Amino acid sequence: MRITCKKCGTELELPAETQGGDVVRCGNCGKGIRIKLRPSQGRVAAPVSAIEPVSERRGGRGKMVVLALLVLGGIGYAVWKNDGIDIAALKQAVQGQLPVGGENSEVSISGDDELASQVTTLFEERCHRCHGDGGSDEGGFNFVLRLDKLTDDDAYVTASDSENSYLFTRIEDGEMPPPGEGEPFSESELELVRAWIDAGASSVSGGDDVREPVSNDSLLLAMRADLNSLDAAVSRDTRYFTLTHLYNAGLSQDEMETYRLAMAKLLNSLSWKPELVIPERVGEEETLLRIQLSDLGWDADTWDAIVETDPYATTVSTPDGLKVRELTGTDVPNVRADWFVSRASRAPLYYDILEIPEQFDNLLKLPEVNVDVDQNIADDKVVRAAFVESGVSDNNRMIERHAFTHGGFWVSYDFASSTDKQNVLEHPLGPDGDDAFDHDGGEIIWNLPNGMQAYMLVDGEGNRIDKGPIEIVADDKQADRAVVCGLSCMSCHANGMIRKQDEVRPNVLANRDAFPNADRILRQYPDADIINGVMDEDTERFEGALKEIGFDRLTDTSEPVFHMAKRFDQAVDRALAAAEFGVTEEQFVSLLDETPAIARVLGPLKLPNGKVKRKQFLAEFKEAAQEFGLGEAFGENNSSASTELAATTPTTPAANQPTGVAQTPTVTPVAGTAPAGIAPQATPVAGNVPTATPAGGPASPPPGNAPPGGLPTTAGNPGPPPGNIPVEDVKPLTPEDFIHTWVNNQGDEIVTARFMTVTRTGDVRVELLPRVWSIGQEDYEREVSGVFWVFKGNPASDHLVRIGDVNLPDAPLNYIDVPRSEFSEGDQAYLKHLEQLVAYAKVSKGRVRYYTLPWDVLSPVDQQYVYDLLALIEKAQPRVAEPMPPIGLPEGPPEPQPVAGGPPQQEGPPDDLPPGEGPSTGFAPPPGPPQVPPRRPSGY
């Protein structure tokens, strides 16, 4: 069978196994197309009672054709009379005359917004209960009120084509709502949906919730504030899961609620504790979920096992981040919820968290289990059922239940064939004995102490396996069709145990003489009432636990862990990629432009409809985050234990500071307090905002390599002594406080520049200042005010030096290029320093944006200067409760202030700034505590 792609016109040959409802993707343009099979093509028609007579709909279409002819005739007459056409009046007339559902229809259509509004109301009344309300995720469809999302990739709605819209045809054929979930749509309701789709399937203008994105700095601040509200022992036991990137990517509250339910279900499915745990929601947007490790029976090693496999784990060094690290005792205090659900629901991480032994016999010996399977079978204390048809296998299957402390302990026996010793109807006893069956593996399901279910897959020898052999069992919901523990188990057993009709007992009763051990077989394979009774008992226990953690609807197709994992594994588009890196889409594209190596992999995301596979995205994320300046990759060689820092911070007398160093009072951070007033970083951190000190650096500041930003304190380490500035006597900050002559660890002056910020990786970012340059020879010399931008030309020859933001008395220029030999000796020496710093320069669009000086390159005096300055900022401007505006959305850079003794500043940004970047201000901060600490404009 062939179809035609509506986007590019390519004819596509469908595979023979294509089913109605499948989504195929055009190999030419990539458009997703939902397949609709007509009854003649094998589609199951809806019951006649579920739809209105076809003749009535045809009559309705006939009226529409007649009306269209009348309208066209009117248009022709108007043109012939040269009267012109009143389009608005015509549209109103058509909308007023079109029949919607017959003469008695109560639906009125008055434009696209009205159509969308009425359809939203209709879907809310008829569909929302199963497809979004309270996180309900029936069939993996929890966004029925997101009209804009319904048209994505034509998966549900094909705009302007109701007859080929999957959602509409399911409603039209009476498949939705399903039996028992409400009356079929009336003719007028059908025509409303049809009219909305055929009119373009638009959303209500301005109907989407206006939301402010949650910045990563705000997320860190929220964690810090939350931890500060807890006792010290509790905070060290605290960890977080984040949904912030999904919120910023535009997911609706219904969709977010599904993720919260999935987290609650999975966390409790990974706990041996008897009490159920509901993650605490933190923050106004509730994108942070807080847990206590001990509540789940986890410890620091459990968390480390999770973090070590996390492809998003990055470390940053900001005051809030370091404080969060200190309070929790780990470098990685939070993990992304969607990744966690996708990976922790699958072996081997699933086994690692639950600490499932590698042998079935060792599982039975756990104190929480303590089941003697062999003795129970020998004593006939089992409830068994066997059947020829299984939902996961092409061969027969047998299941047995053992009663234990927490409910039911179920063991299944699976076979590679259904003949000889693998025919369970012929050999129903075993697995040991002379006439026993010979199985190849099985699935273990048991009730956890909290009522949830746990799972294990084993081979024929009882060895734990991650996936079942495809030739024995299969899961068609998985891309590779392999049954994976425990995601496949959770999906299949969404509401607990599945009733199965035993076929052994009827066979033995009908052929008793054929089975010498008939009495024993009948004791192990009881009546259906007994089998169904114990199944229902275990199911009720499981469903009761689900309801206690927030599940209102329990159906076979509403399992949120599976749907959440499936969504995570889908390809990543630009909007989601940007949200996962914690930047805007514009910033993300700009970052790709500046990092060609990363763009080789993630470059397709620059295209409007571009996507990359999730595996490709995850493989590149850490390297990309590091290249983007968003954090350091947290890998296998990093320890997630909190780094212990020295207790004291030596001070440096002002008299020892080199010439040119700003003379600021020496202040050390207050014990246990991170300078929260530090300037926001130039680029947002990746959405997973763990923090850590860069590896390899000594711990004692300022001598050594520990970055600033707040010193963690630990037991036995009270932190540095308080500084010598009383709280009531705070020195006002001035522009000169931020201007510094930086000295390297060899004692050489390297550059005079304005302190900008401490980066997330613990280094110091500085910005060059305007200066007066002496250019020319003895016979002709003049002074030029401007900022060094970049070296041009061959380094082996006479460099051209580009000076930007030039301010000449006779003409303001964007920049000038001057041979290096034309500069004075003092300028030559200065330029030599800049040449040596080229490895630390951020160059973009022909200019140096800033220098990032590694912490361990700076002299101890300069390290002390940074600590002192951060302490001053902390004291001059206490942290306010409201989070700072998200980076990339500033109200505008501060008003430029001339530096004392420096030239006036050029007005307006240079012409060659890259898209999305603000001007290089070249100014020092205004006097006094800044309203917002020193920061770069958006785009940095």
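A residue is called buried when its relative accessible area is under 20%. By that cut-off Thr852, at 19% relative accessibility, counts as buried. The legends below describe a predicted model.

**Figure 1. Overview of the protein chain.** The secondary structure of the predicted chain comprises 27 helices and 27 strands. Of its 940 residues, 53% count as buried. Among contacts between residues at least 6 apart in sequence, 68% join residues at least 24 apart.

**Figure 2. Close-up of Thr852 in strand β27.** Thr852 lies in strand β27. Because its relative accessibility is 19%, this threonine counts as buried. Its side chain and that of Arg765 are joined by a polar contact of 3.4 Å. Arg765 is also the bridge partner of Thr852 in the strand pairing. With neighbours within four places in sequence left aside, Thr852 is in contact with Thr759, Asp763, Val764, Arg765 and Tyr840. The strand that holds Thr852 has 6 of its 6 residues buried, so β27 is largely enclosed by the rest of the structure.

**Figure 3. The open sheet that contains β27.** Five strands form this open sheet, in the order β19-β20-β21-β27-β26, with antiparallel pairing. Its edge strands are β19 and β26 (841–843), each of which pairs on one side only. On average, and with direction ignored, neighbouring strands are turned by 45° against each other. Helix α26 (residues 825–836) packs on the sheet and touches β20, β21 and β27 (848–853). The direction of α26 makes about 55° with that of β20.

**Figure 4. Strand pairing on either side of β20.** Strand β20 (residues 749–758) is mostly covered, with 8 of its 10 residues buried. On one side, β20 is joined to the antiparallel strand β19 (residues 739–743) by 5 bridges. Within this pair, Val743 stands opposite Glu749, and Trp742 stands opposite Val751. The hairpin of β19 and β20 has 5 residues between the strands, and Gly747 takes a positive phi near 90° there. β20 also pairs with β21 (residues 764–768) in the antiparallel sense, over 5 bridges. In that pairing, Thr757 has Arg765 of β21 as its bridge partner.

**Figure 5. Strand pairing on either side of β27.** The antiparallel strands β21 and β27 are joined by 3 bridges. Arg765 and Thr852 are bridge partners in this pair. Towards the sheet edge, 3 bridges join β27 to β26, and these two strands also run antiparallel. Here Val843 stands opposite Val848 of β27.

**Figure 6. The nonpolar cores.** The largest nonpolar core contains 127 residues, and those touching the most other members are Phe241, Trp298, Phe340, Phe409, Trp446 and Phe581. Helix α10 (residues 253–269) contributes the largest share of this core, 8 residues. A second, separate core of 40 residues includes Phe738, Val787, Val806 and Leu837. In soluble globular proteins, nonpolar side chains tend to be buried together.

**Figure 7. The crossing of helices α10 and α21.** Helix α10 packs against helix α21 (residues 560–568) at an angle of about 115°, and the two axes are 8 Å apart. The crossing is left-handed. From α10, the residues that meet α21 are Thr258, Tyr259, Ala262, Lys265 and Leu266. Their counterparts in α21 are Pro560, Val561, Met564 and Arg567. An α-helix has 3.6 residues a turn, so residues three or four places apart point the same way.

**Figure 8. Helix α11 and its surroundings.** At the start of α11, a side-chain oxygen of Asp299 reaches to within 3.1 Å of the backbone nitrogen of Asp301. Helix α11 spans residues 300–308, and its buried residues are Thr302, Trp303, Asp304, Ile306 and Val307. These buried residues pack against two strands, β5 (238–242) and β9 (334–336), and against two helices, α13 (337–344) and α14 (349–354).

Key. Residues numbered from 1 in each chain as written. Predicted model: local features only at pLDDT ≥ 70, side-chain atom pairs only at ≥ 80, totals over all residues. Heavy atoms only, no water. Buried < 20%, exposed > 50% of the residue type's maximum accessible area, 1.4 Å probe, protein only. Helix = DSSP H or I, 4+ residues; strand = E, 2+ residues; numbered from the N terminus. Contact = heavy atoms within 4.5 Å. Polar contact = N/O pair within 3.5 Å; in protein donor to acceptor, adjacent residues only side chain to side chain. Core = buried A, V, L, I, M, F, W, Y, C linked by side-chain atoms within 4.5 Å. Pairing = 2+ DSSP bridges. Axes fitted to C-alpha atoms, helices over the stretch in contact; angles between N-to-C directions. Left-handed = near helix turned anticlockwise from the far one by under 90°.
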